[in-house]
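The following exercises concern a single protein chain. Please attempt each task before reading its solution.

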Amino acid sequence: MVLETEDAYADMRQNAVIYDFSNYQKDHPCMVNKKVVGKFKDESASLPIAELVGIRLKIYSILKASGEEKKKTKGVQMAVVKNDLRHVLYKQCLNERIEMKHKQVVIRSRGHQMVVYEQNKTGICPMDTKKWIAQDGIT
């Protein structure tokens, strides 16, 4: 999907009641409200986004125009997301419909005994059990 507009921030200012601009610079023209629950938030804090790969809810990768990556993967340790996952892996998972597993080390307490074990956990998976996706992978 490609979105085209003359000025995205002008469009956002017109609908400012539905956005949370709390992470913007103080001098930014859109900075009108503070952290509000239930509003849309600009994940890149007014910096241009080059590409977004949204696999499922809470599993996405944003590639900013500066080349910086912002990755989110629910249920996977932050160290694994930071060190092992890359934006291209999110794209590969989405386009080729493959499931990617990642190893993570977990420290737990079981019966007042500290246990360290290694999990092989599904990190990125395009299968969404809450929605039906057609053969084209889009609808």
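**Exercise 1.** Determine whether H87 is buried or exposed in this predicted model, and describe its surroundings.

*Solution.*
Step 1. The relative accessible area of H87 is 3%. A residue counts as buried when this value is under 20%, so H87 is buried.
Step 2. In the secondary structure, H87 belongs to helix α3, which covers residues 87–96.
Step 3. Leaving aside residues up to four places away in sequence, H87 touches E51, V53, S61, I62, L63 and E69.
Step 4. With E51 there is also a polar contact between the two side chains, at 2.7 Å.

**Exercise 2.** Find how many aromatic pairs the whole structure holds, and classify what is found.

*Solution.*
Step 1. The search yields one aromatic pair.
Step 2. A pair of aromatic rings is described by the distance of the centres and the angle of the planes.
Step 3. For Y19 and F40, the ring centres are 6.1 Å apart and the planes stand at 50 degrees. Planes under 30 degrees apart would be stacked and those over 60 edge-to-face; the pair is therefore tilted.
Step 4. Y19 is in strand β1 (residues 19–20) and F40 in strand β2 (residues 40–41), so the pair ties together parts 21 residues apart in sequence.
Step 5. F40 has a relative accessible area of 55%. Exposed means over 50%, so F40 is exposed.

**Exercise 3.** State which pattern the chain follows along its sequence.

*Solution.*
Step 1. The chain has three helices and seven strands.
Step 2. Their order is α-β-β-β-β-β-α-α-β-β.
Step 3. Of the 139 residues in the chain, 27% are buried.

Terms used. Residues are numbered from 1 along each chain as its sequence is written. This is a predicted model: local features need pLDDT of at least 70, side-chain atom pairs count only at pLDDT 80 or more; totals for chains, interfaces and linings use all residues. Side-chain values use heavy atoms; hydrogens and water are left out. Rings of Phe, Tyr and Trp (its six-membered ring) pair if their centres lie within 6.5 Å; planes under 30 degrees apart count as stacked, over 60 as edge-to-face and the rest as tilted. Helices (H or I, at least four residues) and strands (E, at least two) are DSSP runs, numbered from the N terminus. Buried means under 20% relative accessible area, exposed over 50%, partly exposed in between (1.4 Å probe, protein chains only). A polar contact is a pair of N or O atoms within 3.5 Å; within protein, one must be able to donate a hydrogen and the other to accept it, and residues adjacent in sequence count only if both atoms are side-chain atoms. Contact means heavy atoms within 4.5 Å.
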